[in-house]
Amino acid sequence: MSSCSELLLWSKEQARGANEHVFDWNGQLTFLQQKASEELLASVRQNQSHLLHAVCGAGKTELLFPSIFASLQEGKRVCVAAPRTDVILELFPRFQKVFPKTTIHALYGGAPNQEGFADLILATTHQLYRFENAFDVVFVDEADAFPYYADETLRRAVTKAAKKNAAIHYVTATPTKSLKTTNQSILSKRYHGHNLPVPRFSGLWGYARQLKKGKVPTKLQQWIEEKTKNNIPFLVFLPTIEMLENFPGVLPRVHAEHPERKEIVMQLREKKIPGLLTTTILERGITIENVHVAVVGAEQQIFTSSALIQISGRVGRSFRYPNGDIVFFHHGITHEMDKAKESIERWNKA
């Protein structure tokens with residue numbers, strides 16, 4: 001877009017009536033989930049900002065359903081935004097199933113054209129540049145994720161997309177100080193009641209040099225072979241795209257610009273591939289049953305404590321498989337690694 005581009009502003013209201021929306025979810029919330037969900041709903045009805053601070057795998061999405069349905073019944077237009085495309089891709093089919101009669105659009109880079117006026121929009125925060133004064137209720141999922149927290153224009157886009165004086169609600173496991181609001185709900189347990197898997201530290205000395213020479217460090221190779229042999233799906237997180245692309249072997253790999261990222265992740269979910277290599281692009285918004293995780297170069301700057309907590313949160317999310325291996329391979333332990341492990345242990349004691 002340039003300064004000479006023609007812009008069109010459409011402000012016609014077309015939200016539908018209450019009778020046209022259906023809430024088709026038969027799940028059972030735990031006591032803590034129910035409490036947090038009711039607190040969020042109260043804030044939504046009072047048009048007051050709310051922070052839902054919940055551990056990874058606590059069932060945050062399910063807690064949004066009652067508030068979204070109540071808003072739709074009142075003829076309001078709702079937006080659920082997230083910084084990452086992968087989060088939107090994960091949420092879209094779940095929302096379609098829960099709200100089968102509601103027109104829902106999923107907006108992200110490369111999304112197909114979608115017809116009709118959507119009462120509920122799932123969008124990356126970048127897509128909200130396209131909206132102004134459009135939504136009565138806005139939820140920002142993973143509100144501390146890059147690039148949203150680091151880009152003031154994205155935060156302004158979210159505010160601009162909401163109607164004047166409309167409250168914005170935030171959902172995350174690792175909130176920044178700027179997200180703290182008067183109204184908060186804290187959910188310290190996963191929906192299945194099991195503790196969060198605690199990461200273990202394992203020295204992988206000189207890994208960068210070995211990988212550059214085209215050799216997978218022995219300890220990492222053994223970890224991959226063990227998971228493959230036992231038919232356990234796995235993710236290996238790497239700190240740079242260069243290291244990802246030059247990683248020896250034929251394991252599938254994805255990063256932010258990969259054109260087939262969605263399809264490759266689906267192959268792992270369907271167990272058509274044993275595992276995959278990834279950058280931090282998959283640290284959030286992805287749920288794969290029984291997945292185990294390794295972080296290579298956990299000491300590197302890109303792996304902040306928040307990123308490491310989110311990565312660890314990929315493990316043990318399933319009721320059938322509440323445990324799993326999360327290992328930080330490193331060339332020296334950092335404060336961020338310690339901070340991530342201590343935070344997880346603290347949640348388990350809460």
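A polar contact is a pair of N or O atoms within 3.5 Å, where, within protein, one atom must be able to donate a hydrogen and the other to accept it. His 192 offers a case of this: a polar atom of its side chain lies 3.1 Å from the backbone nitrogen of His 194. The structure shown above is a predicted model, and the contacts described here are contacts in that model.

His 192 is found in the loop between strand S7 (183–187) and strand S8 (200–203). Its relative accessible area is 10%, and because buried means under 20%, His 192 counts as buried. Leaving out residues up to four places away in sequence, His 192 touches Gly 316, Arg 317, Ser 318, Phe 319 and Pro 322.

Two other residues make polar contacts between side chains. Thr 102 sits in the loop between helix H3 (85–98) and strand S3 (104–107). With a relative accessibility of 8%, Thr 102 is buried, and its side chain makes a polar contact of 2.8 Å with the side chain of His 21. The second residue, His 292, belongs to strand S12, which covers residues 292–296. His 292 is buried as well, at 9% relative accessibility. The side chain of Lys 227 is its partner in a polar contact of 3.2 Å.

The surroundings of His 292 bring together several parts of the chain. Apart from neighbours within four places in sequence, its contacts are Trp 223, Lys 227, Ile 232, Pro 233, Phe 234, Leu 235, Val 315, Asn 323, Gly 324 and Asp 325. One of these shows how folding joins separate stretches: Gly 324 is 32 residues from His 292 along the chain, yet their C-alpha atoms are separated by 5.6 Å. Leu 7 and Leu 187 give another pair to look at, with their positions 180 residues apart along the chain and 43 Å between their C-alpha atoms. Leu 7 lies in the segment before helix H1 (31–45). Is Leu 7 buried or exposed? Its relative accessibility is 62%, so it counts as exposed.

Next comes the interior. In soluble globular proteins, nonpolar side chains tend to be buried together. The largest nonpolar core in this model has 61 residues, and the members that touch the most others are Ile 68, Phe 95, Phe 99 and Val 295. A second, separate core has 24 residues, among them Ala 134, Ala 143, Tyr 148 and Ala 157. Val 295 can be followed further. Not counting neighbours within four places in sequence, Val 295 is in contact with Phe 237, Phe 303, Leu 308, Ile 311, Ile 326, Val 327, Phe 328 and Phe 329.

Leu 308 and Ile 311 are also among the buried residues of helix H9. Seven of the eight residues in H9 are buried, so the helix is mostly covered. What do these buried residues pack against? They pack against strand S6 (168–172), strand S9 (234–237), S12, strand S13 (326–330) and helix H10.

The packing of H9 on H10 can be described by its geometry. H9 (residues 305–312) and H10 (residues 335–349) meet at an angle of about 50°, and their axes are 8 Å apart. That angle makes H9 oblique to H10. The crossing is right-handed. From H9, the residues involved are Ser 305, Leu 308, Ile 309 and Ser 312, which meet Glu 336, Met 337, Lys 339, Ala 340, Ser 343 and Ile 344 in H10.

H1 and helix H2 (residues 60–73) form another packed pair, with an angle of about 30° and axes 8 Å apart. Angles under 35 degrees count as roughly parallel, and H1 and H2 are therefore roughly parallel to each other. Their crossing is right-handed. On the H1 side, the contact is made by Gln 33, Ala 36, Ser 37, Leu 40, Leu 41, Val 44 and Arg 45, and on the H2 side by Leu 63, Leu 64, Pro 66, Ser 67, Ala 70 and Ser 71. An α-helix has 3.6 residues a turn, so residues three or four places apart point the same way.

Two asparagines remain, and the backbone angle phi is the point of interest. Asn 133 has a phi near 55°, which is positive although the residue is not glycine. Asn 133 lies in the loop between strand S4 (120–124) and strand S5 (137–141), and its relative accessibility of 45% makes it partly exposed. Asn 290 has a positive phi too, of about 65°, and is likewise not a glycine. Asn 290 is in the loop between strand S11 (275–278) and S12, and at a relative accessible area of 16% Asn 290 is buried.

Terms used
Residues are numbered from 1 along each chain as its sequence is written. This is a predicted model: local features need pLDDT of at least 70, side-chain atom pairs count only at pLDDT 80 or more; totals for chains, interfaces and linings use all residues. Side-chain values use heavy atoms; hydrogens and water are left out. Helices (H or I, at least four residues) and strands (E, at least two) are DSSP runs, numbered from the N terminus. Buried means under 20% relative accessible area, exposed over 50%, partly exposed in between (1.4 Å probe, protein chains only). A nonpolar core is a set of buried Ala, Val, Leu, Ile, Met, Phe, Trp, Tyr and Cys residues joined through side-chain atoms within 4.5 Å. Contact means heavy atoms within 4.5 Å. Axes are lines fitted to C-alpha atoms, for helices over the stretch in contact, and angles run from 0 to 180 degrees between N-to-C directions. Angles under 35 degrees count as roughly parallel, over 145 as roughly antiparallel, 65 to 115 as roughly perpendicular and the rest as oblique. A crossing is left-handed if the near helix is turned anticlockwise from the far one by less than a right angle, and right-handed if clockwise.
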